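Visitor: I would like a close look at a single part of this structure. Please take one helix, go through it slowly, and then show me what surrounds it.

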Amino acid sequence: MAKIQIHGVNASPFVRKTRVVLAEKGIDYELIPVMPIGVSDEYKKISPLGKIPCYQDGDYVLPDSSCIIAYLERIHPNPAIYPADPKQFGRALWYEEYGDTKAIESIGPIFFQRVVRAKIMKEEPDESLVNKHLTELCPPVFDYLEGEVGDSDGIVGGRFSVADVALGSVFVNFQHAGEKVDATRWPKLAAYVEHVHARPSFKGIIEEEKAAFASL
Ligand SMILES: N[C@@H](CCC(=O)N[C@@H](CS)C(=O)NCC(=O)O)C(=O)O
């Protein structure tokens, strides 16, 4: 039987979200490299917004990490990645959305400058932009998350969920950019990120990505 295909590249926080859930659920797949810049018309037929990731299983195609994860939950319900309790379910979707939008808007440009621009495009990174994000745009996000995370396995209901997948994924890009959450200022968030990244599903992918960046 042909393997499930995930189109995308590993540094994308959205591709990583999908891969972490596939790993959590023990679903086999292959990663088909698609760079998210200047994608082909052929790729736009399966991912009309031209974004990565896109899921493909035979002639079934599905773009968007959040859609893919929701679909995976239906075809492979165990282990569950969404809380069963309706209120917790709602909160998990909220943190996923926060990770996919506000958190990525504040952290993504740091990764872009330090990794994509400096290491892949071999250009001088804009450190003043990096500094603006580190000093002005990230702190309110970290302050908010510091107030939300607890001491347990997951930000919602004490169990690992899609919320942790999304939030943990953004912080991998922060790490690739040579940054770490300052544990003196945001102790709970720093411990939370470390804990999420230590899960086997995250750990394997982080190590693979680090090895890929080291060879650049
Ligand atoms: N909501 C989408 C966002 C995906 C996304 O923005 N991916 C980026 C790469 S990290 C991309 O493909 N960007 C190319 C573009 O916006 O044209 C998801 O969750 O999959």
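Guide: What follows is a walk along helix H1, then across the boundary between two domains, and last to some single residues elsewhere in the chain.

The model is a predicted one, and the values below are computed from it. Helix H1 covers residues 13-25. How far apart are its end C-alpha atoms? They are 18 Å apart, and at 1.5 Å a residue the 13 residues of H1 should span 18 Å, so the two values agree.

The start of H1 has a cap. Ser12 caps the N-terminal end, with a side-chain oxygen 3.1 Å from the backbone nitrogen of Phe14. At the other end, just after H1, Gly26 takes a positive phi of about 65 degrees.

Next comes the question of burial. Here a residue counts as buried when its relative accessible area is under 20%. By that cut-off 11 of the 13 residues of H1 are buried, so the helix is largely enclosed by the rest of the structure. The buried residues are Pro13, Val15, Arg16, Lys17, Thr18, Arg19, Val20, Val21, Leu22, Glu24 and Lys25. Charged side chains such as Arg16, Lys17 and Glu24 appear in this list beside Val15, Val20 and Leu22.

What do these buried residues pack against? Their partners include two strands, S1 (4-7) and S2 (29-32). The other partners are helices: H3 (65-75), H4 (86-120), H6 (162-176) and H8 (200-214).

Some of these partners belong to another domain. The domain assignment gives domain 1 as 4-75 and domain 2 as 86-214. H1, at residues 13-25, therefore falls within domain 1, whose bounds are 4-75, and H4, H6 and H8 fall within the bounds of domain 2. The C-alpha centres of the two domains lie 20 Å apart. Across the boundary, 14 residues of domain 1 are in contact with 20 residues of domain 2.

The size of an interface is often given as the accessible area lost when the parts come together. For domain 1 and domain 2 that area is about 1500 Å², with 60% of it on carbon and sulfur atoms. In domain 1, the residues that lose the most area to domain 2 are Arg16, Lys17 and Glu24, which together make up 36% of what that side buries. These three residues are also among the buried residues of H1.

The boundary has polar links as well. Between domain 1 and domain 2 there are five salt bridges. Arg16 forms a salt bridge with Glu209, and the closest N and O atoms of that pair are 2.8 Å apart. The count of residue pairs in polar contact between the domains is 12. On the side of domain 1 that touches domain 2, H1 and H3 each supply at least two residues. H1 gives the most to that side, with nine residues.

Away from H1, some backbone details can be picked out. The peptide bond from Ile52 to Pro53 is cis, with omega near 5 degrees, and Pro53 sits in the loop between helix H2 (41-46) and strand S3 (54-57). Another cis peptide bond runs from Asn78 to Pro79, with omega near -5 degrees. Pro79 is in the loop between H3 and H4.

Positive phi values also occur in residues other than glycine. Asp64 has phi near 85 degrees and lies in the loop between strand S4 (60-63) and H3. Its relative accessibility is 39%, so Asp64 counts as partly exposed. Lys122, with phi near 55 degrees, is in the loop between H4 and helix H5 (127-148). At 61% relative accessibility, Lys122 counts as exposed.

Is Ser47, in the loop between H2 and S3, buried or exposed? Ser47 has 2% relative accessibility and so counts as buried. Leaving aside residues up to four places away in sequence, Ser47 touches Cys54 and Pro63.

The last stop is Leu189, in helix H7 (residues 187-197). Leu189 counts as buried because its relative accessibility is 0%. Residues up to four places away in sequence again left out, Leu189 touches Phe142, Leu145, Glu146, Val149, Phe171 and Val181. From Leu189 to Asp28 there are 161 residues in sequence and 31 Å in space, C-alpha to C-alpha.

Note on methods
Residues numbered from 1 in each chain as written. Predicted model: local features only at pLDDT ≥ 70, side-chain atom pairs only at ≥ 80, totals over all residues. Heavy atoms only, no water. Helix = DSSP H or I, 4+ residues; strand = E, 2+ residues; numbered from the N terminus. Expected span 1.5 Å × (residues − 1). Buried < 20%, exposed > 50% of the residue type's maximum accessible area, 1.4 Å probe, protein only. Contact = heavy atoms within 4.5 Å. Polar contact = N/O pair within 3.5 Å; in protein donor to acceptor, adjacent residues only side chain to side chain. Domains from an automatic or database assignment. Buried area = accessible area lost by both parts, 1.4 Å probe. Salt bridge = Lys/Arg side-chain N within 4 Å of Asp/Glu carboxyl O.
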